[in-house]
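Student: I'd like to learn how to read a structure like this one. Could we go through it feature by feature?

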2 protein chains.
Amino acid sequence: MKVVKFGGSSVANAVQLEKVLDIVKSDEKRKIVIVSAPGKVTEADIKVTDLLIEYYDLYESEQDTTEIIEKIIQRYASMVEELQIEKSVLEDIATSIKGLATLERGDNPYLRDTFLSAGEDNSAKLIAVFFQSRGVKSRYISPKEAGLIVTSEPSNARVLESSYANLAKLKNFEEVLVIPGFFGVTETGNVCTFSRGGSDVTGSILAAGVEAELYENFTDVDGIFAAHPGVVHEPMSIQELTYKEMRELAYAGFTVIHDEALFPVYQAKIPVVIKNTNNPTHAGTKILASRTEKELAVVGIAGDDGFASLNISKYLMNRELGFGRKVLEILEKFDISFEHMPSGIDDISVIMRERYLTEEKEQLILEEIKKVLAPDEIYFEHNLSILMIVGEGMREKIGVTAKGTTALSKRGINLELINQGSSEVSVMFGIKSDKEKAAIRALYETYFN
Amino acid sequence: MKVVKFGGSSVANAVQLEKVLDIVKSDEKRKIVIVSAPGKVTEADIKVTDLLIEYYDLYESEQDTTEIIEKIIQRYASMVEELQIEKSVLEDIATSIKGLATLERGDNPYLRDTFLSAGEDNSAKLIAVFFQSRGVKSRYISPKEAGLIVTSEPSNARVLESSYANLAKLKNFEEVLVIPGFFGVTETGNVCTFSRGGSDVTGSILAAGVEAELYENFTDVDGIFAAHPGVVHEPMSIQELTYKEMRELAYAGFTVIHDEALFPVYQAKIPVVIKNTNNPTHAGTKILASRTEKELAVVGIAGDDGFASLNISKYLMNRELGFGRKVLEILEKFDISFEHMPSGIDDISVIMRERYLTEEKEQLILEEIKKVLAPDEIYFEHNLSILMIVGEGMREKIGVTAKGTTALSKRGINLELINQGSSEVSVMFGIKSDKEKAAIRALYETYFN
């Protein structure tokens, strides 16, 4: 059994839905289909989810919602019409959309999530009917019916372990099940959405729940590229990478699939494939526990800006038991999660995301560390980018780091930080952000050309 | 005013003492002379300190000490005779050595320190008389008389801040002051020795106390070499290096001067020079706050074995606020000071000295981390060596790391870890210990040939 997830652009209009149908029909193992809300294909399109946000805002502030309701229903209506399927499903959808404007406003923490979930929910209803009309036995299943139970954290739900026993029962259905992504229900029956990764998360949870042999994640790109196509001209696409490699790449800006979404399949050791709805014969990118192609030292190069480092030096620092721990403790007090902590003998740098910092916080941190640890020198450094050279194959190959450092030095790019732990899944370089693109291009050329 | 310290081999016999005299006479600024206990020049020599340890052991276990006392006095007697100086000083020395065997045994935590201090103490008495006999106005000053007050920690004394006001008064003497190294007195008047660095520490404290323009540390080598002469054939000697560079090199095995000994002069910003008593015209190695020669990117390469790493991986580790801090906290509970902490996204390696570990401790650490942090994988890795490429000039120079990583990869040496903080005083490579010497040779060749 395979779990198949289709992203927003794959279900954006009738033409796309025909492609989805072909994909589902072409492999009878594709028994569970997770769908997003209708997204964008052309620039002119507006994502249904964005329309729903507008709808919610209007309703919440007690303004007129007639027009926006019409707009949303119209998105579904044009699909129903073009696909020439039963009109009754559109009535269902219209009732559901209009019904949102009857929900209790006031003190309802789940209201926004319920509005937003309607995009995926109605998408699933429509697609189930569409499949049925084309001779594919199919059935819409809501997260509630499926038993996808989540924590009571609006916009930030996490799946509860107890869901998995419920989801396992979905294996018994004969029909193709069409399930909306992006949300679950709390134990008390409220709709609650996932924070990040949206429908990818649902797909991953379902794949783990039914112990799928494969989780197919259909997007609008031919898999994952070895470097960002906006930086490197026509980068090659990655055939295979491990969960860990995907994590390292996602960390530094690879956003094709959100890394947190992978957690359920990572735990259940279910392989994932990222494929293109618009080019389904392309093999795409497989994400799995270990690669069959072990020769490749480096699979991808990612880069992300928005990092800062806190640099501290103190003579004889390394004789002070607990120095590093105390620094981290102070940062933690300010809710700062550290990313890396490269160190010399008498100095330590703590790398963090800029977004955790404010000028005021920085001052308070500097003051507290000065008070507690009396460093000789301490300062923040901004505008850093982190480059990740990722590949589990590095472990077996000698000279991977040498190649990278040489490539950067030839371009006159100074390394502010280097960090490579003994897992050897990646090497991290810290550089000034203004050199980021040049650095990624240099590294790509070195490892892939 | 210059503070001059002579090590054990410089004061080991009459021939050496004549060299010391010449050095002191040749520069009238050399007003404060710190001396070690007579050490070794030939293989046959036994260090006076080693004789004193034997003496202490015999006395402590209530055995006969006649012979060992004779041996110790004989070391001084042969110098007195060869130098043809007043016999009365030898009587003083003999009384002092014999007097040790009248001290209270039983519950006396300072007994061993008092025995050991006699080597330096009598060396200073003899040298003061020797200088005087050659027309150099000189005077023996004990640490007690000088006011060198230390903490009450036998074998592990640290100077008290209050000493510095006392020591400043030594500037007022007209004579050359000869002061024994290696020990101070507690506030209650007990003799207490320094733990590490011995006489180097005393010299450094005195230099800071009298605000010397230079602290000259005379040993038996032409300064500090850029790599260990036992590994690299005839390495060049370093002309200048900064306190920080010295610290980094000392950390990874450079033991010419103990890095903790440098702390007082580092704080007081007093330059240090390491010179050779046997070749005093050689410029030696200067240690100072910042180098005049700024072009040199790398000043030295050090390597040290005896490191282990604790490797931990956990999917989504970097989303767990406090993960790294908690690991360090657990290690701290076991009195383990971490050296470095390179990390990937979902993994962290903590580098520590093997000597802090036992098999049992490792087990307990693994259990506790498993319990508290539930990692996916955790294990210790042993037999690691740390290589340090040291040089403050790195900051300005691009490509230093590239050179080093390339040199190692050409020799087929795999990098287990890399670590470079933003201070850029050093780059650290972690490699398997069996490759250490080959690696140091490769790096030396790259940076110095």
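Tutor: Let's take the symmetry, the interface, the sheets and a few residues in turn. Keep in mind that this is a predicted model.

Student: Where do I start with two chains: what turn and what shift lay chain B on chain A?

Tutor: The general idea is that two copies of a chain are related by a rotation about an axis and a shift along it. Here, a turn of 180 degrees with a shift of 0.0 Å along the axis lays chain B on chain A, with an RMSD of 0.1 Å. That is the relation of a two-fold axis. The same surface serves both copies, since 100% of the contact residues of chain B recur in chain A.

Student: And how do I put a size on the interface: what area is buried between chain B and chain A?

Tutor: The size of an interface is often given as the accessible area lost when the parts come together. For chain B and chain A the buried area is about 5,600 Å², and carbon and sulfur atoms give 51% of that. In chain B, the residues losing the most area to chain A are B:R247, B:Y315 and B:I345, together 14% of what that side buries. As for contacts, 69 residues of chain B meet 69 residues of chain A.

Student: Into which domains is chain A divided?

Tutor: There's domain 1 (2-220) and domain 2 (300-448). Taken over C-alpha atoms, the centres of domain 1 of chain A and domain 2 of chain A are 41 Å apart.

Student: On to the sheets. What is the strand order in the open sheet of 10 strands?

Tutor: Strands of a sheet pair through backbone hydrogen bonds, either parallel or antiparallel. In this sheet the pairing is antiparallel, and the order is β12(A)-β11(A)-β13(A)-β15(A)-β14(A)-β14(B)-β15(B)-β13(B)-β11(B)-β12(B). At the edges stand β12 (347-353) of chain A and β12 (347-353) of chain B, each with a single partner strand, so one side of each has no neighbour in the sheet. From one strand to the next, the twist averages 30 degrees.

Student: Which helices pack on that sheet?

Tutor: Helix α11 (residues 323-333) of chain B is one of them: α11 touches β11 and β12 of chain B, and its direction makes about 25 degrees with that of β12(B). Another is helix α13 (residues 400-410) of chain B, lying across β14 (417-420) of chain A as well as β13, β14 (417-420) and β15 (426-432) of chain B, at about 15 degrees to β15(B).

Student: Back to the edge strand β12(A): how many of its residues are buried?

Tutor: Seven of the seven, so β12(A) is largely enclosed by the rest of the structure. Check the two faces: A:D347, A:S349, A:I351 and A:R353 are buried on one side, and A:I348, A:V350 and A:M352 on the other. Seven bridges join β12(A) to strand β11 (residues 300-313) of chain A, running antiparallel, and A:L310 has A:V350 as its bridge partner.

Student: What about one residue in the chain B copy of that strand: is B:I351 buried or exposed?

Tutor: B:I351 lies in strand β12 of chain B. With 0% relative accessibility, B:I351 counts as buried. Its C-alpha atom is 4.4 Å from that of B:S309, although the two are 42 residues apart along the chain. Contacts of B:I351 beyond four places in sequence include B:F307, B:F338, B:H340 and B:L417. B:S309 in turn stands opposite B:E381 in β13(B).

Student: Which residues does B:S313 touch?

Tutor: B:S313 lies in strand β11 of chain B and is buried, at 9% relative accessible area. Leaving out residues up to four places away in sequence, B:S313 touches A:K244 along with B:D346, B:D347, B:P375, B:D376 and B:E377.

Student: Where can I see parallel pairing?

Tutor: Look at β4(A): strand β2 (residues 30-35) of chain A pairs with β4(A) in the parallel sense over four bridges, with A:V33 partnering A:V178. Strand β3 (residues 138-140) of chain A is joined to β4(A) by three bridges, also parallel, and there A:R139 has A:L177 as its partner. Five of the five residues of strand β4 (residues 176-180) of chain A are buried, so β4(A) is largely enclosed by the rest of the structure.

Conventions
Residues numbered from 1 in each chain as written. Chains lettered and ligands numbered in written order. Predicted model: local features only at pLDDT ≥ 70, side-chain atom pairs only at ≥ 80, totals over all residues. Heavy atoms only, no water. Least-squares fit on C-alpha atoms with pLDDT ≥ 70 in both. Contact = heavy atoms within 4.5 Å. Domains from an automatic or database assignment. Pairing = 2+ DSSP bridges. Axes fitted to C-alpha atoms, helices over the stretch in contact; angles between N-to-C directions. Buried < 20%, exposed > 50% of the residue type's maximum accessible area, 1.4 Å probe, protein only. Buried area = accessible area lost by both parts, 1.4 Å probe.
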